[in-house]
Amino acid sequence: MTAILGAGMSGLSAAYYALKTSKVAPLVVLEATNRVGGWVRSIKQPDGTIFEKGPRIIRANYQNILHALWKDLTTSRVSKDDESIYSFMERRFGRDIAEKIAAPILCGICGGDIHELSAKSFMPKLVEFEKEHGSVFKVERAKKEAWNMWGLQGGFEQLPQALAQNIAKRGVNIKMENNCEQIIFNKNSVELTVNGKVEKYSHVISSLPAKNLADLVQEQHPELSKELLDIPTVTIAVAYYLIHLLFLKTPT
């Protein structure tokens, strides 16, 4: 039996793909809160407006940024093992795109500095496109795949909810309000202390933030715990403003 810690998108996705192999079955997802989705949370207002506490759009629309597209198509490929996201974006699309579009978007996604983030690790597909085709974007490819920004009517929270329903119907046991407090690795099993009680599993998959996992392994593996705590993280705040048309003046 395999325990998956966390019922956010990572934990639910791990369960979805783990169902493809019988080696780790049966599967149990342990979620500390009373809902699935993790950071993905949609809050519906009385007037129907939806505020997203997590992701708000999927896939930015680059096909209308003509200058960036032209620069990409006319820029020669460069063979590099890796480089920063800023270096990659500035080289292929120009300084304005790197500083005014890539930097704000990626800051909102991961809170990191694009001068330090690895292009190869964070956007491997784009790096691969350059190596294979000499260009990140091809006009016909962009049209064919419809590279647009899109969301989900009713909010993004529907995605983890649908995923949870899918894997539950296929035999995954999703346990809500089951907080894992400690992990102890034995020779042939893993002991999890959940809500004060010890449970044994053959495998454990963690989708928890590094700092949370650090607390769980600290007693048995203090060095690992320290390394997990050393992984830098940031806090991102999202502010929404809902303005009713009643308060907006019509231009004269």
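# Strands, helices and contacts in a predicted model

Colleague: How many bridges join strand 6 to strand 7?
Modeller: The model is predicted. Strand 6 and strand 7 run antiparallel. One bridge pair is Q182 with its partner T193 in strand 7. The number of bridges joining strand 6 to strand 7 is five.

Colleague: How many residues lie between strand 6 and strand 7 in their hairpin?
Modeller: Strands of a sheet pair through backbone hydrogen bonds, either parallel or antiparallel. Here strand 6 and strand 7 are antiparallel. The residues between them in the hairpin number four.

Colleague: Which are the edge strands of the open sheet with the order 6-7-8?
Modeller: This sheet has three strands with antiparallel pairing. An edge strand here pairs on one side only. That picks out strand 6 and strand 8.

Colleague: What does the twist average from one strand to the next in this sheet?
Modeller: The order to follow is 6-7-8, with antiparallel pairing. Going from one strand to the next, the twist averages 25°.

Colleague: Which residue of strand 8 stands opposite E191?
Modeller: Strand 7 covers residues 190-194 and strand 8 covers residues 197-201. The two pair in the antiparallel sense over five bridges. Opposite E191, in strand 8, stands K200.

Colleague: Which residue takes a positive phi in the hairpin of strand 7 and strand 8?
Modeller: Most residues other than glycine have a negative phi, and most peptide bonds are trans. The hairpin of strand 7 and strand 8 has two residues between the strands. With a positive phi near 50°, the residue is N195.

Colleague: What is the phi of E177?
Modeller: E177 sits in the loop between strand 5 and strand 6. The phi of E177 is positive, in a residue other than glycine. The value is near 55°.

Colleague: Which strands stand at the edges of the open sheet of four strands?
Modeller: The order of this sheet is 5-2-1-9, and the pairing is parallel. At each edge a strand has a single partner, so one side of that strand is left without a neighbour in the sheet. The edges are strand 5 and strand 9.

Colleague: By how many degrees are neighbouring strands of this sheet turned against each other on average?
Modeller: The neighbours follow from the order 5-2-1-9. Ignoring direction, the average turn between them is 20°.

Colleague: Which residue in strand 9 is the bridge partner of A3?
Modeller: Strand 1, residues 2-5, runs parallel to strand 9. Four bridges join strand 1 to strand 9. The partner of A3 is V204.

Colleague: Are helix 1 and helix 8 roughly parallel or roughly antiparallel?
Modeller: The axes of helix 1 (residues 9-18) and helix 8 (residues 158-169) come within 10 Å and cross at roughly 30°. Angles under 35 degrees count as roughly parallel. Helix 1 and helix 8 are therefore roughly parallel.

Colleague: How many charged residues are in the contact of helix 1 with helix 8?
Modeller: Helix 1 contributes M9, L12, S13, A15 and Y16, while helix 8 contributes L159, P160, L163, A164, N166 and I167. By class, nine are nonpolar and two are polar. The charged residues number zero, that is, no charged residues.

Colleague: Are helix 9 and helix 10 roughly parallel or roughly antiparallel?
Modeller: The axes of helix 9 (residues 210-217) and helix 10 (residues 222-229) come within 8 Å, crossing at roughly 165°. Angles over 145 degrees count as roughly antiparallel. Helix 9 and helix 10 are therefore roughly antiparallel.

Colleague: How many charged residues are in the contact of helix 9 with helix 10?
Modeller: Residues making this contact include K211 and D215 of helix 9, and L224 and S225 of helix 10. By class, eight are nonpolar and one is polar. The charged residues number two.

Colleague: Which residue forms a salt bridge with E157?
Modeller: Side chains of opposite charge can pair when their charged atoms come close. In the pair with E157, the closest N and O atoms are 3.0 Å apart. E157 lies in the loop between helix 7 and helix 8, and its partner in the loop between strand 2 and strand 3, so the pair ties together parts that are 122 residues apart in sequence. The partner is R35.

Colleague: Which residue does a cis peptide bond join to A25?
Modeller: The omega of this bond is about -10°. The partner of A25 lies in the loop between helix 1 and strand 2. That residue is P26.

Conventions. Residues numbered from 1 in each chain as written. Predicted model: local features only at pLDDT ≥ 70, side-chain atom pairs only at ≥ 80, totals over all residues. Heavy atoms only, no water. Pairing = 2+ DSSP bridges. Axes fitted to C-alpha atoms, helices over the stretch in contact; angles between N-to-C directions. Parallel < 35°, antiparallel > 145°, perpendicular 65-115°, else oblique. Contact = heavy atoms within 4.5 Å. Nonpolar A, V, L, I, M, F, W, Y, C, P; charged D, E, K, R; others polar. Salt bridge = Lys/Arg side-chain N within 4 Å of Asp/Glu carboxyl O.
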